[in-house]
Amino acid sequence: MASLVGAVMTSHVPAIGRAIAKNLQQDPYWKPFFDGYPRARAWLAEAKPDVVVAFYNDHGLNYFLDTLPTFGVGAAAEYANADEGWGIPTLAPVGGHPDLSWHIVETLVDAEFDVTTCQKMLVDHAVTLPMALLWPDADAWPVKIVPITINTLQYPFPSPGRCLKLGQAVGRAIASFDEDLRVAVLGTGGLSHQLDGTRAGFINKAFDMMSLEALVGDPDRLARYSALDIVREAGAQGFELVNWIAARGALGGRVEKVHAHYHIPISNTAAGLLVLENHDRVAVAA
Ligand code: DHB
Ligand code: FE
């Protein structure tokens, strides 16, 4: 059977792609950010996942505002990256695991999550930059992926509680997948940030600190917020926190915090990183 080894949650600011392309890891602006990642890489090198199930939000590359699923699951053999207009280099395509994708889709639909399935899917900076941060030296990506999208772009948003339950159902799907695979989950985006409107530049360190703690031991605390409350507390784009909440939901009740890192600001974002090891085989029941 497949086993879920743990979770990595990380910000995905596009400027990271430019910094990597220009080798700015030791630059005074970037060093405090990049210094967070070696510990996450070391954990992955030990945990050795074969597949990463990635919870993230597409930013208008694969979907657009006219056709935007609340929850989408990739079921492709390969996921290409493409130019999004941020001026960052396009990264190599990532292989998929269609059998695990379809098992997750079936489990989710059985659990009354009526997801959109994507047999063709482009992945944007929310997938490629976390991968570039976690496997910077790989000649070829060492993992396959199953991408799962959550709408954080356009109202109405799914509630944080619903996103936690989505993650829990994905955790049960992974635990019941009949193949000897090591799986990690990834949650990307956040932490607090707002890119536009009168609150552009908004960051809320106190809320981010509370979130980093709750994600370890009390994810239900975050699940009790309404979507609008998360937007108020974390900023309009800080709502990406629900990708982390979903990733946490996939893990069991007992997790160990391996590593946390927080740095303000990267671009307009409070950059966060959290690594959790899973100590329960089966995710919390619905
Ligand atoms: C920024 C952050 C994001 O999460 C994103 O998707 C785009 C831009 C930023 O802070 O610049
Ligand atoms: Fe984003």
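How far apart in helix 9 (residues 227–234) are R232 and D229? R232 and D229 are three residues apart in that helix, so about one helical turn separates them, and their side chains meet in a salt bridge with an N to O distance of 2.8 Å. The model is a predicted one, and the points below take up its iron site, its salt bridges, two buried residues of helix 7, a surface patch and a loop residue.

**Iron site**

- The iron ion (ligand 2) is coordinated by H12 and H59, each through NE2, and by E240 through OE, at 2.0 to 2.2 Å.
- Along the chain, the donors of this iron ion (ligand 2) follow the spacing H-x46-H-x180-E; because H12 lies in the loop between strand 1 (3–10) and helix 1 (15–21), while E240 lies in the loop between helix 9 and helix 10 (241–250), the pair ties together parts that are 228 residues apart in sequence.
- H12 is buried, its relative accessible area being 4%, and E240 is likewise buried, with a relative accessible area of 3%.

**Salt bridges**

- The count of salt bridges in the model comes to two.
- One of them is the pair in helix 9 described above, in which R232 is partly exposed at 48% relative accessibility and D229 is partly exposed at 28%.
- A salt bridge also joins D35 to K31, with the closest N and O atoms 2.9 Å apart.
- In this pair, D35 is partly exposed, with a relative accessible area of 43%, and K31 counts as partly exposed at 33% relative accessibility.

**Buried residues of helix 7**

- D208 lies in helix 7, which spans residues 205–217, and although this aspartate is buried, it has no salt bridge.
- The nearest side chain of opposite charge to D208 belongs to K205 and is 9.1 Å away, whereas a salt bridge would require a side-chain nitrogen of Lys or Arg within 4 Å of a carboxyl oxygen, so this pair does not qualify.
- When residues up to four places away in sequence are not counted, D208 touches L191, S192, Y262 and A270.
- S211 also lies in helix 7, and because its relative accessibility is 0%, S211 counts as buried.
- Leaving aside neighbours within four places in sequence, S211 is in contact with L222 and L241.

**Nonpolar surface patch**

- F64, L65 and L153 make a nonpolar surface patch of about 280 Å².
- Of these residues, F64 is found in the loop between strand 2 (51–56) and strand 3 (71–74), and it counts as exposed because its relative accessibility is 53%, the cut-off for that class being over 50%.

**The loop between helix 9 and helix 10**

- Q237 has its place in the loop between helix 9 and helix 10, and E240, one of the iron donors, lies in that loop as well.
- Not counting residues up to four places away in sequence, Q237 touches H193, Q194, L195 and D196.
- Q237 and D280 are 43 residues apart in sequence, and their C-alpha atoms are 32 Å apart in space.

Conventions
Residues numbered from 1 in each chain as written. Chains lettered and ligands numbered in written order. Predicted model: local features only at pLDDT ≥ 70, side-chain atom pairs only at ≥ 80, totals over all residues. Heavy atoms only, no water. Patch = residues over 30% accessible without salt bridge, like charges linked within 9 Å, V, L, I, M, F, W, Y side chains within 5 Å. Areas by Shrake-Rupley, 256 points an atom, 1.4 Å probe, with all protein chains shown as cover. Helix = DSSP H or I, 4+ residues; strand = E, 2+ residues; numbered from the N terminus. Buried < 20%, exposed > 50% of the residue type's maximum accessible area, 1.4 Å probe, protein only. Lys, Arg positive; Asp, Glu negative; His and termini not counted. Contact = heavy atoms within 4.5 Å. Donors = N, O, S within 2.8 Å, 3.2 Å for Na, K, Ca; no water.
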